[in-house]
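Me: I've got a new model on my screen and I'd like to learn how to read it. Can you walk me through it?

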Amino acid sequence: MQPAFVRFAAFAAIASLLTACGPSDVVGKEKLDPIEAGMPIARVAEVIGKGPLTPLQPSDSLRLFNGFRTQIFLAAGSQYRVIWYREEAGSIEDAITRERETPILVHADTVVGKGWSFYDDKAQELGIPNPYR
């Protein structure tokens, strides 16, 4: 084989492996690892600590949970809360992105699940909004 072809093939293989990895399913994976289905929301607050967001105006405090963006939805007669965990500072007005935030889904003050792989399927099942669908 020609040395140039071997270098090109090696480069192409490495590039395709890196592309396949893509962004992590869970931003803050190490910090969120202890969070599991069935965990009370009070324990979640202890694990994730204080988030990087602060209200810009008084009404924004209703859209925050311990410094993290939160959304509340009604589905099948029940209330579901999504806590959008993030590590970097920003504004509550920032768009929700997979690269910056990880969803934690809560029902009846108890964690249902976390991460985009879980949320994509569960949001569709419940009929609640998903920023990526």
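Reply: Sure, starting with vocabulary: helices (H or I, at least four residues) and strands (E, at least two) are DSSP runs, numbered from the N terminus. Take the end of helix 4: G127 comes right after this helix, and its phi is positive, near 75°. Two notes on the source: this is a predicted model, where local features need pLDDT of at least 70 and side-chain atom pairs count only at pLDDT 80 or more, while totals for chains, interfaces and linings use all residues. Residues are numbered from 1 along each chain as its sequence is written, and side-chain values use heavy atoms, with hydrogens and water left out.

Me: How do I read the sheet, and what is the strand order?

Reply: Strands of a sheet pair through backbone hydrogen bonds, either parallel or antiparallel. Two strands count as paired if DSSP finds at least two bridges between them. Here you have an open sheet of 5 strands in the order 1-2-3-4-5, with antiparallel pairing. Strand 1 and strand 5 (110-114) are the edges, each pairing on one side only.

Me: How many bridges join strand 2 to strand 3?

Reply: There are 7 bridges between those two, and I72 has R81 in strand 3 as its bridge partner. Their hairpin has 2 residues between the strands, and A76 there takes a positive phi near 50°. Strand 1 (residues 64-65) and strand 2 (residues 68-75) pair over 2 bridges, with F65 opposite F68. In that hairpin, N66 has a positive phi near 55°. Strand 3 and strand 4 pair over 7 bridges, and R86 faces E101 in strand 4.

Me: Which strands does helix 3 touch?

Reply: For packing, contact means heavy atoms within 4.5 Å. Axes are lines fitted to C-alpha atoms, for helices over the stretch in contact, and angles run from 0 to 180 degrees between N-to-C directions. Helix 3 (residues 41-48) touches strand 1, strand 2, strand 3, strand 4 and strand 5, and its direction makes about 5° with that of strand 3. Helix 4 (residues 116-126) lies across strand 2, strand 3, strand 4 and strand 5, at about 45° to strand 4.

Me: Which residues of helix 4 are buried?

Reply: Buried means under 20% relative accessible area, exposed over 50%, partly exposed in between (1.4 Å probe, protein chains only). In helix 4, the buried ones are W116, Y119, D120, K122, A123 and L126. They pack against strand 2, strand 3, strand 4 and strand 5.

Me: And what about the largest nonpolar core?

Reply: A nonpolar core is a set of buried Ala, Val, Leu, Ile, Met, Phe, Trp, Tyr and Cys residues joined through side-chain atoms within 4.5 Å. The largest has 15 residues, and L32, I35, V44, I48, I83 and I104 touch the most other members. Helix 3 gives the most to this core, with 4 residues. A second, separate core of 12 residues includes F73, V82, W116 and Y119.

Me: Where does E87 lie, and what does its side chain contact?

Reply: E87 sits in the loop between strand 3 (78-86) and strand 4 (101-107). A polar contact is a pair of N or O atoms within 3.5 Å; within protein, one must be able to donate a hydrogen and the other to accept it, and residues adjacent in sequence count only if both atoms are side-chain atoms. The E87 side chain makes one with the side chain of Y85 (3.1 Å). E87 and G28 are 59 residues apart in sequence, yet 7.0 Å apart in space, C-alpha to C-alpha.
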